[in-house]
Amino acid sequence: QGYEGLVEGGDNIKQANWLSVSNIIQLGGTVIGSARCKAFTTRAGRLRAARNLVEHGITNLCVIGGDGSLTGADIFRSEWAGLLEELVQDGQISEEVARENCRLNIVGLVGSIDNDFCGTDMTIGTDSALHRIMEVIDAITTTAQSHQRTFVLEVMGRHCGYLALVSGLASGADWLFIPESPPEDGWEDLMCERLGE
């Protein structure tokens, strides 16, 4: 469950094996779970997470997420030595255990359907989101044609119009709204004219 799993510990931290990862490659979303974690935004929460990781001998993390997840990972990494020191002072771990786990290695991967991160061709989640959108468009296009109706489709993307733009191009949409290019005055008349054609 993301950082929630780190903070809560217990059964949330377990080793992946052949059986636990079999038959999941075709599933959308994340089978390991994801959760917003208010506790991890506090030092006390990160201290609990550090304690749980050390307990399992984990000093390597692969964090997949957006701004919040990757910012949290950077803070966690920068505080790691201090968190271990605090755990030693509180008697929760020995100095030897702190020495053995003195370095936290983090790999950050951008998981965002928005595809709005520089330095990569496509962020994790974008491709599967586009596939889902195109499946829906393919399904409703025949209905729209047979009923001679106009359909409006809204896709996700927060402040980024990548999914809307690419799926609009791929499906031959007649009209498109994206946040990067807000509609100009009089767009309603232009859109009606386009649809009328």
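**Exercise 1. Determine how helix H3 packs against helix H4 in this predicted model, and which kinds of residue form the contact.**

Step 1. In the predicted model, helix H3 covers residues 43–55 and helix H4 covers residues 67–89, and their axes lie 9 Å apart at an angle of about 75 degrees.

Step 2. Angles of 65 to 115 degrees count as roughly perpendicular, and therefore H3 is described as roughly perpendicular to H4.

Step 3. On the H3 side the contact is made by Arg43, Arg46, Leu47, Ala49, Ala50, Arg51, Leu53 and Val54, while H4 contributes residues including Ile75, Phe76, Glu79, Trp80, Leu83 and Leu87.

Step 4. Sorted by character, the residues of this contact comprise 11 nonpolar, one polar and five charged.

**Exercise 2. Identify the elements that build the largest nonpolar core, and follow the contacts of Trp80.**

Step 1. The largest nonpolar core has 21 residues, and those with the most contacts inside it are Tyr3, Phe40, Leu61, Phe76, Trp80 and Leu84.

Step 2. Two or more residues of this core come from each of helix H1 (3–8), H3, E1 and H4, and H4 gives the most, with six residues.

Step 3. Leaving aside residues up to four places away in sequence, Trp80 touches Ala50, Leu53 and Val54, and also Asn101, Cys102, Arg103 and Leu104.

Step 4. A second, separate core consists of five residues, among them Ala129, Leu130, Ile133 and Ile137.

**Exercise 3. Decide whether the loop residues Thr59 and Cys37 are buried or exposed, and name their contacts.**

Step 1. Thr59 is placed in the loop between H3 and strand E1 (60–65), whereas Cys37 belongs to the loop between helix H2 (18–21) and H3.

Step 2. A residue counts as buried when its relative accessible area is under 20%; Thr59, with a value of 17%, is therefore buried, and Cys37 is also buried, because its relative accessibility is 11%.

Step 3. Beyond residues up to four places away in sequence, Thr59 touches Asn101, Arg103, Leu104 and Asn105, while Cys37, counted in that way, touches Tyr3, Glu4 and Val7.

Step 4. For Cys37 there is also a distance to Gln1, which stands 36 residues away along the chain: the C-alpha atoms of the two residues are separated by 9.1 Å.

**Exercise 4. State how the chain is divided into domains, and how far their centres are separated.**

Step 1. Domain 1 takes in residues 1–108, and domain 2 takes in residues 124–194.

Step 2. Taken over C-alpha atoms, the centres of domain 1 and domain 2 are separated by 39 Å.

Notes:
Residues numbered from 1 in each chain as written. Predicted model: local features only at pLDDT ≥ 70, side-chain atom pairs only at ≥ 80, totals over all residues. Heavy atoms only, no water. Axes fitted to C-alpha atoms, helices over the stretch in contact; angles between N-to-C directions. Helix = DSSP H or I, 4+ residues; strand = E, 2+ residues; numbered from the N terminus. Parallel < 35°, antiparallel > 145°, perpendicular 65-115°, else oblique. Contact = heavy atoms within 4.5 Å. Nonpolar A, V, L, I, M, F, W, Y, C, P; charged D, E, K, R; others polar. Buried < 20%, exposed > 50% of the residue type's maximum accessible area, 1.4 Å probe, protein only. Domains from an automatic or database assignment. Core = buried A, V, L, I, M, F, W, Y, C linked by side-chain atoms within 4.5 Å.
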